[in-house]
Amino acid sequence: MTGATIDHLVSVTVFLVAILLFISLFNQTVQTAIIYQRHRALATKCSDLLDNMMLNPGIPAEWGRSNCTPTGFGLQDPEFTQYKLSPFSLMRLQSTGGQPIYYPKTGLYYSNITMGFGNFLLVPFTEAINYSLTSKLLGTNGTYGFQLTLSPVITVSVVESQAKNPLRISVSVSGTGFPLANAELSYCFITVSLSGGEGAYPAYVIDSGTVYTDEEGSALLEFADVNSENVSYAFIAYAHLNGLVGVGYHERVSSENQYVIPLIDNIAEKRVLIAHSYDIHYYGPPVAEIAYNASFVILTEDFTLREVPLDNSTGSTGKVNYGEGYPYSVITIPTYNPGILIVTYRKSAVEGGVVMMPWGLSSMAFPVTFGADPTGQEWVATDMRQVIVNGIAYQAKLALWSLEDYQVMG
Amino acid sequence: MMRTVEVLLVIIIITGAFIIASFFAVLPSPRQVSPVNLRRLALTTLQALDQEHDLSEAAFDTDNATLWSRLQIALSASLPPNAIYNLTVFEVGGGGTELYTPLRSVSNAENLGVASDSSSYLVASSNVTFNVIPEKIGERGGGGTLYILNCSDANGWWITGYTAQSLAEDLYKLLSPYFVSTVMVQNTTQLERVLNKTALQGETVQNAVVINTCGEAVPMPAGYYASTGVGYDSVHSSYARYCYVLGLRVRQYNWTWVSIVGYPLYYVGNAALFPNEQNSWGIYGMRQVGPAGMNGFLQGLNNEQYTYDNTWITGDSDSDSRLASVHLTPEAVYYCNYYGIYPSPYHTATRALPSSILSRYNLTVTSYVFEQVGTWIASAVFRHGVSGSFLALGLTRTPDIRLTALSLLCDFKPRLYRSDYTAIGTSRLVVLQLGLVGGV
């Protein structure tokens with residue numbers, strides 16, 4: 001009788017333990033399968049959301065060219081179909097790639113995309129569309145987090161290989177996975193002249209031409225007229241092959257501390273502020289007044305750069321200084337055609353330079369990163385598309401993650 | 001002891017079940033769970049490669065090694081480094097038994113593994129001319145006649161830089177494909193016949209569209225329509241009564257009357273009738289009617305008794321500063337693309353009609369061309385509750401005739417039937433298959 005009871009107790013105990021163990025094991029498998037299903041749903045959502053952003057222009061359709069807050073989010077160029085994005089809608093995205101800057105004279109913070117010295121795109125927060133608003137417009141607020149990255153497919157790197165007699169500039173063109181051999185390279189070379197008396201405005205000369213890259217995607221250009229290291233210049237190159245277009249640029253300046261910084265003021269009115277660098281970077285005295293002379297170039301359909309003259313009434317020349325009592329200057333861009341604002345500046349007869357700002361994100365193939373940081377998320381789905389932004393090839397990548405808390409149990 | 005043995009047997013059975021279940025319940029790899037949408041990537045890559053029609057050119061020149069070398073370089077450069085591809089061009093309907101015949105293929109891998117996806121893209125030969133056949137306005141509902149007032153004996157006003165005749169020619173080119181018949185009304189005598197419902201070329205007068213190319217002036221036939229009590233208001237020495245009769249005719253014949261610019265019906269014109277009179281701005285052959293013309297027209301359209309009313313009703317930027325720049329409605333922008341007519345998307349409205357005329361004269365707006373600004377309607381098609389419509393483009397001079405065409409097409413919305421792409425040798429199918437290497 002005792003043996004039977006012990007046998008009963010042992011068997012029931014072992015049975016219960018085994019059942020619990022197996023329930024736990026099966027449960028873990030089921031839970032993992034559910035998580036996998038959620039991940040798959042996340043990937044589908046990611047693809048849908050990316051298409052949703054790329055294939056509709058938003059509401060109103062021209063929100064990229066205005067100051068209004070959109071009531072529907074979309075990045076498609078309203079003048080086109082398919083995966084063609086508006087360079088101005090992209091310009092209005094509040095970039096998370098660079099540290100925002102504060103300009104005391106307007107009292108505003110600016111979304112910052114700066115690609116090396118002298119290449120700025122600074123959009124005030126009052127004009128930029130932030131992540132929070134976009135999340136609400138897309139209906140993902142509180143349920144999904146995302147980060148949208150647009151980066152140019154073609155990288156055109158420009159390096160100065162010899163400073164003078166002659167100036168040699170080496171250009172190398174590559175795609176995401178391959179050099180772009182035999183690509184046509186249209187360039188624009190702007191040299192700054194600092195001659196003239198005290199307070200004179202800088203002058204500039206624009207030279208343009210076309211060369212081809214070799215089998216390794218490289219080209220070497222020589223400019224015999226540059227016979228001094230103090231000559232400031234800007235070089236812009238557009239490379240194109242079979243529908244793929246990329247942009248590269250490079251500047252050399254003789255005044256690196258004191259220069260001018262263009263800041264977008266009002267997109268709808270095409271207004272750009274010209275600020276003294278000391279007002280933004282807070283260097284101390286001595287400070288010199290800087291004279292500037294601005295120009296605007298656009299990329300034509302035959303891939304050459306054409307200068308669009310700025311009337312003096314639009315503020316093409318002016319002077320800026322640092323501190324109280326010295327207001328910023330204002331330039332009005334004459335067109336909604338995407339292009340590049342080139343501002344030559346002169347601090348003294350021997351110091352000056354040139355800075356550039358894209359009007360429309362794609363003109364200088366600026367990348368943009370928009371959204372939240374995916375670091376530390378449990379699972380991030382990504383998807384990508386090849387898109388065209390005003391003729392420039394970009395890769396749009398969306399990273400998406402769920403904000404609903406779930407994890408594997410057991 | 002037996003129970004323990006039984007339990008052990010049960011455990012063995014459950015363990016076996018778990019192992020067997022685990023064997024079959026294989027969870028997919030992360031790449032399969034959260035894949036890059038290769039199909040979309042392939043499609044967008046093909047679209048990017050064809051944005052300057054380079055892909056189409058290569059697809060129709062499969063023997064050109066240089067073109068294909070460039071295509072392969074561009075393809076390799078645009079795809080991620082871990083992407084492998086196979087691009088194949090097919091002839092569509094080559095005449096044999098196969099619908100698609102492969103012509104040429106390029107690839108950077110021997111095979112694309114098991115997890116690949118593809119997209120197809122149809123390219124057209126540059127030699128192909130595609131034909132578009134528009135639906136004719138009125139071919140199903142009756143009417144379908146377009147009258148363009150091209151009266152040689154009437155001058156225009158606010159059509160600076162153009163003549164009524166040159167505008168008429170442009171309108172003919174733009175709009176005649178969309179109408180069953182288009183009739184140029186060459187003089188005011190012919191206009192009188194039309195007003196009397198007499199066809200000029202066997203066309204249907206009822207339900208017609210009448211475009212006045214004289215701007216703010218309207219051609220007026222001499223004789224009956226200029227006579228006292230019909231077109232002439234002898235009490236106020238005004239031809240506003242003629243505009244009233246026009247309103248009556250628009251209602252009677254269910255016409256759509258089109259004013260292309262400025263204040264509608266502000267002058268009446270007839271070079272023979274007014275040889276020594278001018279419109280107060282030095283243009284002879286016409287006479288000012290003023291706002292009474294438009295008010296009279298609306299009275300006629302609403303079938304009211306004629307009363308002389310010279311009240312100015314339109315607004316400009318002094319009435320509302322936003323009228324300085326009015327923008328096309330989203331619907332109008334859509335139809336710009338549909339019909340391939342691209343006027344400037346914004347304009348200055350100096351003769352916008354007030355929305356109060358809608359209730360006053362029993363009108364509804366069937367199409368807005370420009371966005372309404374407050375209570376001002378810069379350009380729209382107004383339809384009367386019983387019969388008749390009018391299109392008023394209350395914009396400042398000089399008129400953009402494309403806006404007139406766009407406005408009418410926005411309102412009637414004739415469909416465009418585009419020709420098929422299936423003719424042999426005119427289309428080729430490009431298929432891009434993508435796979436990924438590396439990773440899990």
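In what order do the seven strands of the open sheet in chain B lie? In this predicted model, the order is β6-β5-β7-β9-β18-β17-β15, and the pairing is mixed. The edges are formed by β6 (181–185) and β15 (363–368) of chain B, each of which pairs on one side only, while the twist from one strand to the next averages 20 degrees.

Three of the strand pairings in chain B are set out below.

| Strand pair | Sense | Bridges | Residues opposite each other |
|---|---|---|---|
| β5(B) (residues 145–149) and β6(B) | parallel | five | B:Thr145 and B:Ser181 |
| β9(B) (residues 256–259) and β18(B) | parallel | four | B:Trp257 and B:Phe390 |
| β17(B) (residues 379–384) and β18(B) | antiparallel | five | B:Arg383 and B:Ser389 |

Strand β18 (residues 389–393) of chain B is largely enclosed by the rest of the structure, because five of its five residues are buried. Its two faces are both covered, with B:Ser389, B:Leu391 and B:Leu393 buried on one side and B:Phe390 and B:Ala392 buried on the other. With β17(B), strand β18(B) forms a hairpin that has four residues between the strands, and in this turn B:Gly388 has a positive phi of about 95 degrees.

Between the chains, helix α1 (residues 2–54) of chain A packs against helix α1 (residues 2–24) of chain B at an angle of about 10 degrees, the axes lying 8 Å apart, which means that α1(A) is roughly parallel to α1(B). Residues making this contact include A:Val14, A:Phe15 and A:Phe22 of α1(A), together with B:Val10, B:Ile14 and B:Phe18 of α1(B). By class, the contact of the two helices comprises 12 nonpolar, five polar and three charged residues.

Definitions and conventions:
Residues are numbered from 1 along each chain as its sequence is written. Chains are lettered from A and ligands numbered from 1 in the order in which they are written. This is a predicted model: local features need pLDDT of at least 70, side-chain atom pairs count only at pLDDT 80 or more; totals for chains, interfaces and linings use all residues. Two strands pair if DSSP finds at least two bridges between them. Axes are lines fitted to C-alpha atoms, for helices over the stretch in contact, and angles run from 0 to 180 degrees between N-to-C directions. Angles under 35 degrees count as roughly parallel, over 145 as roughly antiparallel, 65 to 115 as roughly perpendicular and the rest as oblique. Two residues are in contact if their C-beta atoms, placed from the backbone, lie within 7 Å. Ala, Val, Leu, Ile, Met, Phe, Trp, Tyr, Cys and Pro count as nonpolar, Asp, Glu, Lys and Arg as charged, and the others, Gly among them, as polar. A residue is buried if 20 or more other C-beta atoms lie within 10 Å of its own, exposed if 12 or fewer, and partly exposed in between; C-beta atoms are placed from the backbone.
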